Amino acid sequence: MTLKTIPFAYLKTGAFIALGLPFAWLAWQWSLLLMGQYNDLGVNPIEATNRFLGDTAIRVLLITLAITPLRDITRMAALTRLRRMAGLYAFFYMSLHLGSYLGLDLFFSLAKLWKDVVKRTYITLGMSAFALLVPLALTSTNASLRHLGPKRWKRLHMLIYPAILLAVVHHIFMAKGFQLMPLVHGAIAIFLLGWRVVKWYRVQKTKRTA
Amino acid sequence: MLIRHPSGFDLKDNDVTPQSAYLRRREFLAAFVAAGGTLALPAAAQAKRAMPDDYALLKAAKSGYTVDDPMVPWDAVTSYNNFYEFGTGKGDPAKKAHKLITKPWTVTVEGEADKTGTYALEDLIDYNALEERIYRHRCVEAWSMVIPWVGVPLASVLKKFEPNSKAKFVQFFTKNSRKEMPGTFWPVLKWPYREGLRIDEAMNPLPFLAVGLYGRVLPNQNGAPIRLVVPWKYGYKSIKSIERIRFSETMPETSWNQSNAREYGFYSNVNPLVEHPRWSQASERVIGPQAGFSGALARRDTQMFNGYADAVAGLYAGMDLRKNH
């Protein structure tokens with residue numbers, strides 16, 4: 001059985017479960033913590049949770065952006081239909097990341113959050129990334145797609161491109177010292193966006209020569 | 001002619017477990033469980049738990065240096081560490097620091113002192129004069145622990161080298177070994193890690209050279225075999241696994257200052273009034289003593305000089321602490 005013959009329903013269910021695993025793990029660890037049992041969040045569970053959610057949000061965003069290049073390579077059109085779910089998962093993890101910061105670090109003080117957003121560059125960047133993804137999450141229904149029409153819908157959903165860049169720069173600015181992991185995320189993001197630029201350029205060229 | 005029809009329960013030769021493997025069944029089981037655990041958990045969360053019994057007991061006298069707040073448990077102080085030579089994750093040092101070779105250990109002393117040279121650790125530290133000091137530890141990342149260290153006052157060791165009149169500062173270097181410290185493959189900071197104190201700060205009674213923790217030999221992740229503890233400064237000043245000491249006339253380089261001078265000054269005194277550019281220093285998360293959810297949320301207000309103002313505020317008389325942060 002090749003990849004292409006896998007029924008789409010299986011592919012979708014598999015992707016749904018795989019992308020949910022980080023959340024399942026975190027929920028399990030928190031339930032251990034709340035029951036007062038040994039868990040793998042360590043002795044600073046709030047920091048561990050926030051980092052884990054931030055990393056996962058960026059990685060799921062990268063997975064979302066990798067789907068189109070992967071489709072181009074494998075010529076599996078069905079992959080496109082996983083894109084929206086992956087994007088929604090990215091938004092889900094980003095919301096939890098912001099939520100854990102707001103709830104567990106700032107004790108739900110919106111005033112403190114606003115002060116941070118205005119004052120601290122890396123938080124400004126992170127919040128901007130989140131703000132860009134809000135309209136994408138809101139228009140992720142089929143009804144919205146029909147309402148906007150595929151062309152406008154696609155153009156709106158290009159907001160994921162600046163969003164990933166903002167998220168990665170947020171990570172780079174937030175890390176202490178010159179750390180490798182945020183740069184790796186950045187390099188992958190640039191590769192995935194570069195893929196689209198090259199593709200777009202090629203299409204323009206064939207249009208001109210045609 | 002006999003025709004054998006193998007029935008379902010007939011064993012083929014290769015079905016039988018060799019006796020040698022059978023005798024080692026517990027090891028296989030343990031390895032299987034360990035492998036399963038590795039798969040189920042993200043690498044960052046995997047920490048080898050240091051057991052106190054693995055570390056030799058030290059004979060140390062009680063000292064007057066103590067605080068009222070509850071101490072951080074052994075498990076917490078040995079599993080939550082910033083020691084970037086072993087990785088930037090908090091659990092990395094506990095996982096990887098076992099690679100550090102701490103025996104034999106020498107400390108090289110250079111610069112403005114009469115008795116420079118290379119000293120064996122045993123010649124530097126008088127193991128009959130060890131004392132225990134319970135100090136507050138405040139990380140620049142806004143978390144804190146109360147830690148029972150074992151060691152000797154820094155001044156008692158520095159005096160042995162007879163620093164001369166040009167010795168205005170003292171600088172410390174961490175060991176730098178690509179083989180033993182896997183995190184150094186990438187320049188997160190300028191390696192070897194370096195830190196420094198003004199000589200009057202260093203000669204104050206508070207700075208401590210620790211060789212132990214909780215009455216036992218220091219675990220590697222905590223800076224074995226010898227580390228500095230400067231309780232009124234942010235944790236990164238308390239340099240780990242010291243291999244070189246240099247006396248100098250001019251202010252020495254410090255790794256975090258070189259990495260980002262705007263955020264990390266030379267003095268790095270704990271000061272709730274001076275914000276780190278990226279976060280507030282007004283309060284801190286208390287690591288350790290309390291378990292569960294309330295423990296996770298526990299915070300306290302940060303004190304000026306981490307609560308040691310009486311002992312050290314005089315060192316900075318007339319200085320602008322915002323400028324000299």
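Let me begin with a definition, as I will be speaking about what touches what: two residues are in contact if their C-beta atoms, placed from the backbone, lie within 7 Å. Please also keep in mind throughout that this is a predicted model.

I will start with chain A, whose secondary structure comes to nine helices and zero strands, so that is, read from the N terminus on, an unbroken run of α elements, α-α-α-α-α-α-α-α-α. The C-alpha trace of chain A spans about 65 × 45 × 40 Å along its principal axes, and of its 210 residues 29% count as buried. If we take the contacts in chain A with a separation of 6 or more, 64% of them are accounted for by residues 24 or more positions apart.

Within chain A, let me turn to α5, which runs over residues 121–138. How far apart are its end C-alpha atoms, and does that agree or disagree with what 18 residues should span? At 1.5 Å a residue the helix should span 26 Å, and because its end C-alpha atoms are indeed 26 Å apart, the two values agree. Several residues of α5(A) are buried, and these are A:I123, A:L125, A:G126, A:M127, A:A129, A:F130, A:L133 and A:L136. As background, an α-helix has 3.6 residues a turn, so residues three or four places apart point the same way. What covers the buried residues of α5(A) includes α3, α4 (110–119) and α8 (160–174) of chain A.

Next comes the pair formed by α1 and α2 of chain A. The axes of α1(A) and α2(A) come within 11 Å and cross at roughly 175°. Angles over 145 degrees count as roughly antiparallel, and α1(A) and α2(A) are therefore roughly antiparallel to each other. On the α1(A) side the residues that meet the partner helix are A:L19, A:P22, A:L26 and A:L33, while α2(A) brings A:P45, A:T49, A:F52, A:T56 and A:V60. By character, the residues of this contact divide into seven nonpolar, two polar and no charged.

Just after α2, in the loop between α2 and α3 (83–105) of chain A, we find A:R75, whose phi is near 55°, a positive value in a residue other than glycine. Most residues other than glycine have a negative phi, and most peptide bonds are trans, a point I will come back to for chain B. As for its surroundings, A:R75 has 8 other C-beta atoms within 10 Å and is therefore exposed.

One more residue of chain A deserves a word, namely A:L156, which is found in helix α7 (residues 150–156). Leaving aside residues up to four places away in sequence, A:L156 touches A:P135, A:T139 and A:L148. The C-alpha atoms of A:L156 and A:T139 are 9.2 Å apart in space, although the two residues are 17 residues apart in sequence. Is A:L156 buried, partly exposed or exposed? Because it has 14 other C-beta atoms within 10 Å, A:L156 is partly exposed.

Now to chain B, where the secondary structure comes to 10 helices and 13 strands. Buried residues make up 42% of the 325 residues of chain B, and among its contacts between residues at least 6 apart in sequence, 71% join residues at least 24 apart.

Here are the backbone points I promised. The peptide bond from B:W191 to B:P192 is cis, with omega near -10°, and B:P192 is found in the loop between β6 (169–174) and β7 (194–198). The peptide bond from B:A224 to B:P225 is also cis, with omega near -5°, and B:P225 lies in the loop between β9 (216–217) and β10 (227–229). B:F305 has a phi near 50°, a positive value in a residue other than glycine, and is found in the loop between β13 (299–301) and α10 (309–312) of chain B. Because it has 23 C-beta neighbours inside 10 Å, B:F305 counts as buried.

Finally, what does each chain bring to the contact between them? It takes 15 residues from chain A and 23 residues from chain B. On the side of chain A that touches chain B, α1 (8–34) and α2 (45–74) each supply at least two residues, and the residues of that side divide into eight nonpolar, five polar and two charged.

Conventions. Residues are numbered from 1 along each chain as its sequence is written. Chains are lettered from A and ligands numbered from 1 in the order in which they are written. This is a predicted model: local features need pLDDT of at least 70, side-chain atom pairs count only at pLDDT 80 or more; totals for chains, interfaces and linings use all residues. Helices (H or I, at least four residues) and strands (E, at least two) are DSSP runs, numbered from the N terminus. Ala, Val, Leu, Ile, Met, Phe, Trp, Tyr, Cys and Pro count as nonpolar, Asp, Glu, Lys and Arg as charged, and the others, Gly among them, as polar. A residue is buried if 20 or more other C-beta atoms lie within 10 Å of its own, exposed if 12 or fewer, and partly exposed in between; C-beta atoms are placed from the backbone. Axes are lines fitted to C-alpha atoms, for helices over the stretch in contact, and angles run from 0 to 180 degrees between N-to-C directions. Angles under 35 degrees count as roughly parallel, over 145 as roughly antiparallel, 65 to 115 as roughly perpendicular and the rest as oblique. The expected span of a helix is 1.5 Å times one less than its number of residues.
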